[in-house]
Amino acid sequence: MRFQIYRYNPDVDTKPRMQFYDIALEPTDRMLLDALVRIKMEDDTFSFRRSCREGVCGSDAMNINGKNGLACITKLADLEAQGPVVQIRPLPGLPVIRDLIVDMSQFFKQYHSIKPYVVNDTPPPETERLQSPEDREELNGLYECILCACCSTSCPSFWWNPDKFVGPAGLLQAYRFIADTRDETVNARLDNLEDPYRLFRCHSIMNCVDVCPKNLNPTKAIGKIKDLLIKRTV
Amino acid sequence: MVNRHVSGAHYGLRDWLAQRITAVVMILYTVLFVVMLLKMPQFDYAGWRSVWMAPLMRYATLLFLLCLFVHAWVGMRNIFMDYIKPTGLRVALYAAVILALVAYGAWAVQILWGR
Amino acid sequence: MGNIARRQFDAVVVGAGGSGLRAALQLAEANLKVAVLSKVFPTRSHTVAAQGGVSASLGNEEPDNWHWHMYDTVKGSDYLGDQDAIEFMCRKACDAVVELEHYGMPFDRLDNGKIYQRPFGGHTSNYGERAIKRACAAADRTGHAMLHTLYQRNVRAHTQFFVEWMALDLIRNQAGDVLGVVALEMETGEVMILQAKATLLATGGAGRIYSASTNAFINTGDGLGMAARAGIPLEDMEFWQFHPTGVAGAGVLITEGVRGEGGFLLNKNGERFMERYAPTVKDLASRDVVARAMATEIKEGRGAGKDGEYILLKLDHLGGDVIDKRLPGIREIAKKFANVDPATDPIPVVPTCHYQMGGVPTNVAGQAVMPDGKGGEKIIKGLYAAGECACVSVHGANRLGTNSLLDLLVFGKSAGEQVVKDISADVKSLPDLPADAADKTMARLARLDSATSGERVNDVGAEMRRTMQAHCGVFRFPDSMAEGVKKMLAVAERAKSTFITDKSKVFNTARVEALELDNLIEVALSTMISANARQESRGAHDRSDFPNRDDVNWMKHTLWYKEGNRLEYKPVQLKPMTVESFEPKPRVY
């Protein structure tokens, strides 16, 4: 199988280049990550992040044939059907450190900016805080986020304003804590987001929904944040 | 070394809402406009003129244009926010858009209520 | 050590998985100056892949108490677990889980608003009577929810993380005290000494010593390798848990929660064979029992599939709704990695290497301990360990499902508390580093940098994985194990002459993999040698020539030393902290 992969090592290269690899796959190689590992066996200078190889850790997000996704749950058979050469590039919009490894500081900075933790200063009871199954259900589709950055780095608004726009991943998590009935700071959270840059850079083009490897829907969560803002304003 | 930035202007909701409301008004106007065209007794200059003599149509059109300007203002500002990084240039462009839209408004009144 | 950069901290935590984060939280909230090192961004640690639940006798679904939980854990450990540590853990379980809930963990809920609990293998009511609902779950993503919650709480506590830093070696002085670590910043390739009063290892397991493993690529036993090279023994390394249900061929984990929710295993004849092996709790027997039963079915020709190579996990009878509500991640995994929709078809599964029961020997306060040479035990000053890399030992010869997440909560916290206590009692400034603090590490790096030929890292790694898989699997045979020892010693020799072609500094993952291999080799060697020496069958260690448990001669913990591959043994702590001992009995489920 033929791959064309973005290569850049600041120690050696003056500028990025695309390198071809022709790899003989074994029958046990099912996912793109298996192929990348095989490429690395042949060329140990090729660098990428990977860990759980089952789509829960979020390490191996990359741009695959023009679309962001996780290498470990992208089937080689599906890629073969897309064309003779598989093109692999780092996630767009973030600084490249080396090959497919990008600097994700900006992404995590935005995640941290929404105060990603439950705040409840009422003295806790001896046992768990109660939450009805219905209230808990509100968190479904939110807490499952693996912070892989596929969504935020597919969002043009995040490309243009990564320092100011929270981005789909951050906003999805913002709503995860807004929606949690145990959190007491929903108003402060809404204040934190009511800003033309932080929230309203989202123009609902839904690239984020299209690429999310966990099938989450940041656009819907952003819509719910806006609903709450309207509710408390009018 | 440290890349600080300021944010937290605490606006945006009103504009976002305004853009949606104005969009609805513009859709309604478009329907009205098509209906008025279809109802024209004859398809000539006199018919066209009679449409515009009706006060309803004049006020509706003015409302439509005002909505269009608000809609355009929010939209243009969004585009500048996305793509124009230097603050000075962005403010200048904002000003230019506002001035243009106000001028268009005056011009529209002149057209609608002119002779 | 002349030109190596040096930084000083109160404490260094190596690893940011569940136990590392739980300990770090304790330290950060005590306002200590802490560095938490992690090879990956914290939420990418392997705790994220835990699925089924965390055990605590909350009794939300049915009456329960920690005595029953303790009994199950002792029995699950095949009486090799230290009963004082097991009592400590089971008594603290409820508080640990409730605390996590207060941190914001999105547990599933019952109609009355309390935490949802499900049955799990080996957990029973009234000392083995029948299966009990004890596993507190967030769908089948409990580890993910827990790891993110702990990370989030650390963000709130302003914990200082060193992300994508790999600790390479412990620094010990003449007296044997641990004074910090030598670490590599992966992005720049720079080496630094992080000096600290307390060094806490929370590096997780090393399941990557086997070819078929549920473990992540990063699970390379770095803490164990560091400890072994520093002369610290590794305890009970022969005990590796094979999870009954890894996806055949892919190795990806399918939670025991599937069977907790009512799924069961079938052989090729459609027989629910666990009824024969464990008549009372059937598919919810402890993992070593189920894995062995499956391997027996396959060995005796009753496996399903073209070559009879796997067992079927049936759960379609639960219905699509229950699967989507309680096991959504499993459905996703089965579709992706096994090409089956579990709502209609069974999932092909095989026992797959999953968890390391052994590790760095510690006490319940997370302090690393080793024999003092006079028949007793001494605390290694400055070194702590928690989670999968530690051996307290609460899991003994076989861990119960959901006890690993509990382990890292309880012992992460207690290790953190002990570090805080020790540091506040110790007002002296940091002791001087020995002059050769980083010499061995630098020599290792220099060799890798200069070597232009030799063994390829992946070839040696593959040979190690093949050897372990073939000679130290679910069933162990004397001749095969003896051969395995020879082979592993040869592999370890080869590992000394590895080379990499990538000599650059920036994010050199080839170098990281070579350094990880050094750690894996220590783990694999300790496993092979400890296993070969233990002449009995207990828990996950099953020998054909000694098919029974031998409490007279072998109710003792193995200690393996890297130097000379020497083995020592230490007694099992049979006396709990406050209650009566659970006397060893034949283990029937």
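In chain B, 64% of the contacts with a separation of 6 or more are made by residues 24 or more positions apart, a contact being a pair of heavy atoms within 4.5 Å. The model is predicted, so local features were required to have pLDDT of at least 70 and side-chain atom pairs were counted only at pLDDT 80 or more, while totals for chains, interfaces and linings use all residues. Residues are numbered from 1 along each chain as its sequence is written, chains are lettered from A and ligands numbered from 1 in the order in which they are written, and side-chain values use heavy atoms, with hydrogens and water left out.

The secondary structure of chain B consists of four helices and zero strands, in the order α-α-α-α along the sequence. Helices (H or I, at least four residues) and strands (E, at least two) are DSSP runs numbered from the N terminus. The radius of gyration of chain B is 19 Å, well over the 13 Å given by the globule rule for 115 residues, so chain B is more spread out than a compact globule. This radius is taken over C-alpha atoms, and the rule is 2.2 Å times the number of residues to the power 0.38. The C-alpha trace of chain B spans about 70 × 25 × 20 Å along its principal axes. Of the 115 residues in chain B, 33% are buried; buried denotes under 20% relative accessible area, exposed over 50%, and partly exposed in between (1.4 Å probe, protein chains only). Chain B has an accessible surface of about 7,900 Å², 73% of which belongs to carbon and sulfur atoms. Accessible areas come from the Shrake-Rupley method with a 1.4 Å probe, and for residues only the protein chains shown count as cover.

Chain C contains 16 helices and 22 strands. Its radius of gyration, 23 Å, agrees with the value near 25 Å for a compact globule of 589 residues. The C-alpha trace of chain C extends over about 65 × 50 × 50 Å along the principal axes. Buried residues account for 68% of the 589 residues in chain C, and 75% of its contacts with a separation of 6 or more involve residues 24 or more positions apart. About 19,000 Å² of chain C is exposed, with 49% supplied by carbon and sulfur atoms.

Strand S8 (residues 178-185) of chain C has seven of its eight residues buried, so it is largely enclosed by the rest of the structure. S8(C) is joined by seven bridges to the antiparallel strand S7 (residues 165-172) of chain C, two strands being paired if DSSP finds at least two bridges between them. Within this pairing, C:Ile171 has C:Gly180 of S8(C) as its bridge partner. Five residues lie between the strands in the hairpin of S7(C) and S8(C), where C:Gly176 adopts a positive phi near 90°. S8(C) also pairs with strand S9 (residues 190-201) of chain C, in the antiparallel sense and over six bridges; here C:Val182 is partnered by C:Ile193 of S9(C). The hairpin of S8(C) and S9(C) has four residues between the strands, and C:Gly189 in this hairpin has a positive phi near 80°.

C:Thr402 is located in the loop between strand S18 (390-391) and H11 of chain C. C:Thr402 counts as buried, at 4% relative accessibility. Apart from neighbours within four places in sequence, its contacts are C:Gly53, C:Val54, C:Ser55, C:Phe120, C:His123, C:Ala135 and C:Arg287.

Empty space was examined on a 1 Å grid over the protein atoms alone: a cavity is a set of points where a 1.4 Å probe fits but cannot get out, a pocket is an open set with protein on both sides within 12 Å along at least five of seven lines, and lining residues have an atom within 4 Å of a point. Grid points are joined across faces, edges and corners, and a volume is the space filled by probe spheres set on the points. The largest pocket holds about 1,600 Å³. Its lining comprises 48 residues, with A:Val37, A:Met41, C:Arg208, C:Phe217 and C:Arg465 nearest the centre. Two or more lining residues come from each of helix H1 (32-42) of chain A and, in chain C, strand S14 (347-356), helix H13 (457-471) and helix H15 (509-533). H1(A) gives the largest share, seven residues.

Six cavities of 30 Å³ or more are present in the structure. The largest cavity encloses about 750 Å³ and is lined by 47 residues, those nearest its centre being C:His46, C:Thr47, C:Gly204, C:Asn219 and C:Glu388. In the lining of this cavity, H11(C) has the largest share, four residues.
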